[in-house]
Amino acid sequence: MTMDRAQYSRRGFLGMGLAAGVITLTGCGGDDSGSSSSGGNSTAANLVMTVWGGENDKTTYQKRLDLMAKKYPDIKVTLQLIPNDGYAQKVQTMIAGGKGPDIMQVAESVNVYSSKNQIQPLDDLASKAGLDLEKRFGSIGKLYSYQDKVYAVPDRSGAMIVYYNKALFEAKGIKAPTADWTWDDALGAFKELTVPGKQWGYAGSGWWAQWWSFVYQNGGKIIDDSGKPAVASDEVIEALQWAGDLIFKHGVVPTQKDYANMGADVGGDAAFANGKVAVNTTGFWGISGLTKSKIDWDIAPLWKGKQQAVTAFGSGLAISRTAKNPEAAFKAIDFLTSPEAQQQIIATGQDVPANIEVQKSDAFLKPAWMTKPVNMDVFGESSDFVYRAPFIPAWNEMQKAFDDGLADFWLGKQDARTALTAIQKRLETIVKPS
Amino acid sequence: MSKLRRREALWFYLFASPWIIGFIVFLLGPMIASIYISLTDWDSFTPPKWVGLENYTRLLTEDPVFWKALWNTFYYAAISVPLGLVIGLWLANLLNKQVRARKVFRTLIYLPTLVPLVATAMIFKMVLAPAGPLNDVLGIFHIPGPSWLLEAVWVKPALILLSVWGAGGATVLLLAAMKGIPRELYEAAEVDGASPIRQFWSITVPQLTPIIFFNLIMGLIGAFQVFSQVYILTKGGPNNASQTMVPLLFDEAFSFYHMGYASAISWMLFAVILVFTLLAFRTARRWVFYETEVK
């Protein structure tokens, strides 16, 4: 007998319901209770805003909304926090049930919604409100665009950065990593920092955000300018092969076996915090995990290949098609991304605020909660190197194609060319040029 | 109809109504809707587009992942269900003996069924690690253990191991049934000189067949619908080597936004489960014995 009957994880439960041969998404028609544009005031509104994350995210968003309540008392925003891995499904069912949020947090999969006309283009609202996206957010101002229209305003945004173990670097007499390191410099340092079987120079780059950075550094592209997949090109193959060679040819990155032996769900972040790997590349969130770690660490910008390129993490705020009062919703977003509200994002240590002015402020460079001096300039420095990742509507399917197609590659059983040629074929059936 | 009977019928429907309404609203309605959805191309946001049987033909002729998932599901069901039954029967038989601390053993054997699956999966990740305890044990016998969850060949056996871990659920049912077997049968057999093994095969097993049958049906349905184990332990990886039907349709519906396609998968799964359940019922006449039944 299987164990299903006793364990009802939420998704498991949902899955079992589905398996009965049913998808229970219908019914539950929308009634419009709760919509109230009372009073004659055009911006007075009750809005629902969905975001993902944990406790700290909830606190931070709520603090920002509280600030807004003071400034615009007639706009009421109810915050709905949804755990990370249930977010997309929850929002999907909310929309399908006719009760979509007014403001929703979006990220890489933004164009799932924009391509299906579930969120509104914001260009007109922005120009009406006098908001210059590129002035406020720099190069990422129009990151969340689809077919030349902006669908979300950047809210949180930080480049992937290099975390390095200062003590290990100093012991080997290696200088701190810089943006000018080449692949060879990085490899040289990793080799010196590796103690076979015990300690590794680099945590590895099996995650798309990591190896895609190398692809773009090498002049490759995942999706070319005409919207077609381009992963079987020499530039992409060379970059991926370099990432794979770090594991199997040079032995400076733990294999999946090594990681599995470190404990359940131990990845680069945890291995770095334990001092098992000397260098790790990840986002801002690594910092909060490390403030309590015993190792001596600092951060640096990512090294470069033929050119600088690095993945950025972040999220934006979008207005759904069903929003009762788009003007009020935009007013709220405008305020939430203003310096006053964005300061909260760093004050609580949640993330990197997308607002450039805040990124350059002392509040960001020397956060009160930081237990040691950390080179926070790195985020500003890296922001110039951020490449434009292809946020295609079929983002999730594309990621799955990579996961499946690279499984053997990351085990060292296949070379990059074979793997990527197969993935290219698969992607050609998934990605339809827009 | 007499007044009394009509009143009785009214009460019947009144008391049965929670179930009837629940069935129609939450099961039958969505089921019918999903037949329609399976004939459309629907992303769950924009209006569905009618495509006829295209989803089904694509599933059966073009989608390699579907066939892989179907094969994996068969593999999993074909091994985990009989294995779970055999182990359950064995454990129940052991617990039925007059051993010391029988209640403690009974609790211990049932306990794994009560541990939340997420916790179990985390423990299994450690147990199944390439240098984990399981491979250490294998190492004692000079068997080089594989990287269970990382290798395409070994990931399905690893999932089956996890399912066997929950055999305690069947054990409890079988044990209860064993206790219900009349002592006279054993006494009579003993007088006739039947060995304990002969008694087990000729009395215990036939008497248990209704419960074994129940466990077989529930086990089959559960195995075909396996979800949480796969989702938590491997997410279907590596390269769909452990992908099964329900995680596949979950991905299609809620990650790739192919509601129509996912509905088609769910109906294929429904058909598969139906066929196997019917098969089990057909053969049941030959090997399941009910005491009250006269043949």
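What share of the contacts in chain A with a separation of 6 or more comes from residues 24 or more positions apart? I looked this up first, and the figure is 73%. The model is a predicted one, and I kept that in mind throughout.

**Entry 1. Confidence**

I checked the predictor's scores before going further. The complex has an ipTM of 0.79 and a pTM of 0.83. For chain B, I noted a mean pLDDT of 89. In chain B, 98% of the residues reach 70 or more.

**Entry 2. Chain A overall**

I counted the elements next. Chain A holds 20 helices and 11 strands. It has 434 residues, and 50% of them count as buried.

I then looked at how chain A is divided. Domain 1 takes 31–158 + 313–383, and domain 2 takes 160–311 + 393–430. Over C-alpha atoms, the two domain centres are 30 Å apart. Their contact draws 17 residues from domain 1 of chain A and 18 residues from domain 2 of chain A. On the domain 1 side, helix H4 (110–115) and helix H18 (377–383) of chain A each supply at least two residues. H18(A) gives the largest share of that side, four residues. I sorted the side of domain 1 by class: six residues are nonpolar, eight polar and three charged.

**Entry 3. Strand S9 of chain A**

How many of the six residues of strand S9 (residues 277–282) of chain A are buried? I found six, so the strand is mostly covered by the cut-off of 20 or more other C-beta atoms within 10 Å.

I followed its pairings. Strand S7 (residues 161–165) of chain A runs antiparallel to S9(A), with four bridges. One partnership I noted is Ile161(A) with Thr282(A) in S9(A). Strand S8 (residues 200–202) of chain A runs parallel to S9(A), with two bridges. Here Tyr202(A) has Val279(A) of S9(A) as its bridge partner.

**Entry 4. Helix H15 of chain A**

I listed the buried residues of helix H15 (residues 339–347) of chain A. They are Ala341(A), Gln342(A), Gln343(A), Gln344(A), Ile345(A) and Ile346(A). What do these buried residues pack against? I found helix H2 (55–71), strand S6 (153–159), helix H14 (326–336), helix H16 (356–359) and helix H17 (362–365) of chain A. After H15(A) comes Gly349(A), which has a positive phi, near 75°.

**Entry 5. Two single residues**

I picked Ala129(A), which sits in helix H5 (residues 123–129) of chain A. Why does Ala129(A) count as partly exposed? It has 13 C-beta neighbours inside 10 Å, and the partly exposed class lies between 12 or fewer for exposed and 20 or more for buried. Leaving out residues up to four places away in sequence, Ala129(A) touches Phe330(A), Lys331(A) and Asp334(A). I also took a distance: the C-alpha atoms of Ala129(A) and Asp245(A) are 51 Å apart, with their positions 116 residues apart along the chain.

Then I turned to Gln424(A), found in helix H20 (residues 416–430) of chain A. Gln424(A) counts as partly exposed because it has 18 C-beta neighbours inside 10 Å. With residues up to four places away in sequence left out, Gln424(A) touches Pro229(A), Val231(A) and Ala232(A). Gln424(A) and Pro254(A) are 170 residues apart in sequence, and 27 Å apart C-alpha to C-alpha.

**Entry 6. Chain B against its UniProt record**

I read the unreviewed UniProt entry against chain B. It annotates residues 70–280 of chain B as "domain: ABC transmembrane type-1". In the model, that span is 74% helix and 0% strand, and its end C-alpha atoms lie 19 Å apart.

The unreviewed entry also marks "transmembrane region" over several stretches of chain B, including residues 12–39, 211–234 and 254–281. I checked two of them. Residues 211–234 of chain B are 83% helix and 0% strand, with end C-alpha atoms 32 Å apart. Residues 254–281 of chain B are 86% helix and 0% strand, with end C-alpha atoms 34 Å apart.

**Entry 7. Where chains A and B touch**

How many residues does each chain bring to the contact? I read off 63 residues from chain B and 45 residues from chain A. On the chain B side, helix H1 (residues 3–38) of chain B gives the most, eight residues. By class, the side of chain B that touches chain A comes out as 37 nonpolar, 23 polar and three charged residues.

How values were computed
Residues numbered from 1 in each chain as written. Chains lettered and ligands numbered in written order. Predicted model: local features only at pLDDT ≥ 70, side-chain atom pairs only at ≥ 80, totals over all residues. Contact = placed C-beta atoms within 7 Å. Nonpolar A, V, L, I, M, F, W, Y, C, P; charged D, E, K, R; others polar. Pairing = 2+ DSSP bridges. pLDDT = per-residue confidence, 0-100. UniProt positions renumbered as here; feature names shortened; annotations may be inferred. Domains from an automatic or database assignment.
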